[in-house]
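Reader: Could you take me through one part of this model up close? I'd like a connected walk, not a list.

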Amino acid sequence: MRKIFLALILVLLITSLASAAGLGGKLDNYVESPRYDYSYGGSTENGRSVLPKKGDIAVVVTGDNPQHVKTAEAIIVEMLRSNGYRVVDEAKMRRIRQAAARAKAARYALEGNVDAIMRLNASYSAAATVVARVSAGYPVVNEFNLYTGTASAAIMAVTSRGTKLGGKTSMGKQVGYTDDEASYKAIMSAVESGMYQMF
């Protein structure tokens, strides 16, 4: 009888502590706060940044979901700018994206053939092009009635000289209150992780 009484008190104590912590406590255990300061003093080759600092950088992102592609592209552009790189203007970026799509340049570059991206760099006077393929699964509801999103990003860069930089595939897994928030956070996590190799 005494054991049952002690077990009951323990259950009541745990329940009251969990309820005092609330949903925020559960979420804090699973969600990393979004990072918006993209400046990064990361790895260098011979003391220099991996991406060329002189000239404009182009960005070409592919993926199955247009919204995910736009999200990844915006994050990459912001990270480049925050680290002191110049990004090609929007009009030129649009032309580069269209030319890359026609030539299937991004796909070939991610498979190891960088010739088409080199030609685009020469045609549009870009010092380098960051090429990415982003993919995100549909978020699922977890045991706390929050959404868990997963994403992957394969990111590399090709300089105007044909040097291939990076090539890491990064994964992101994040939790949000809505499926859109979970997807966005997962994509951001995967893209940030992949881009840090460039700086």
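Author: Sure, and keep in mind that this is a predicted model. Let's zoom in on helix H2, residues 66-82. At the N-terminal end, Asn 65 acts as the cap: one of its side-chain oxygens sits 2.8 Å from the backbone nitrogen of Gln 67. From there H2 runs for 17 residues, and at 1.5 Å a residue that should span 24 Å; the end C-alpha atoms are 24 Å apart, so the two agree.

Now for what H2 tucks away. The buried residues are His 68, Val 69, Thr 71, Ala 72, Glu 73, Ile 75, Ile 76, Val 77, Met 79 and Leu 80. As a reminder on geometry, an α-helix has 3.6 residues a turn, so residues three or four places apart point the same way. As for partners, the buried residues of H2 pack against strand S1 (56-63), strand S2 (86-87), H3, strand S3 (126-136) and helix H6 (179-195). After H2 comes Gly 84, with a positive phi near 90°.

Positive phi also turns up in residues other than glycine. Lys 104 has a phi near 55° and lies in the loop between helix H3 (90-103) and helix H4 (105-110); H3 is one of the elements that H2's buried residues pack against. Lys 104 is partly exposed, with a relative accessible area of 44%. Asn 145 has a positive phi too, near 60°, and is found in the loop between strand S4 (140-141) and strand S5 (147-159). Its relative accessibility is 64%, and since exposed means over 50%, Asn 145 counts as exposed.

Notes:
Residues numbered from 1 in each chain as written. Predicted model: local features only at pLDDT ≥ 70, side-chain atom pairs only at ≥ 80, totals over all residues. Heavy atoms only, no water. Helix = DSSP H or I, 4+ residues; strand = E, 2+ residues; numbered from the N terminus. Buried < 20%, exposed > 50% of the residue type's maximum accessible area, 1.4 Å probe, protein only. Expected span 1.5 Å × (residues − 1). Contact = heavy atoms within 4.5 Å. Polar contact = N/O pair within 3.5 Å; in protein donor to acceptor, adjacent residues only side chain to side chain.
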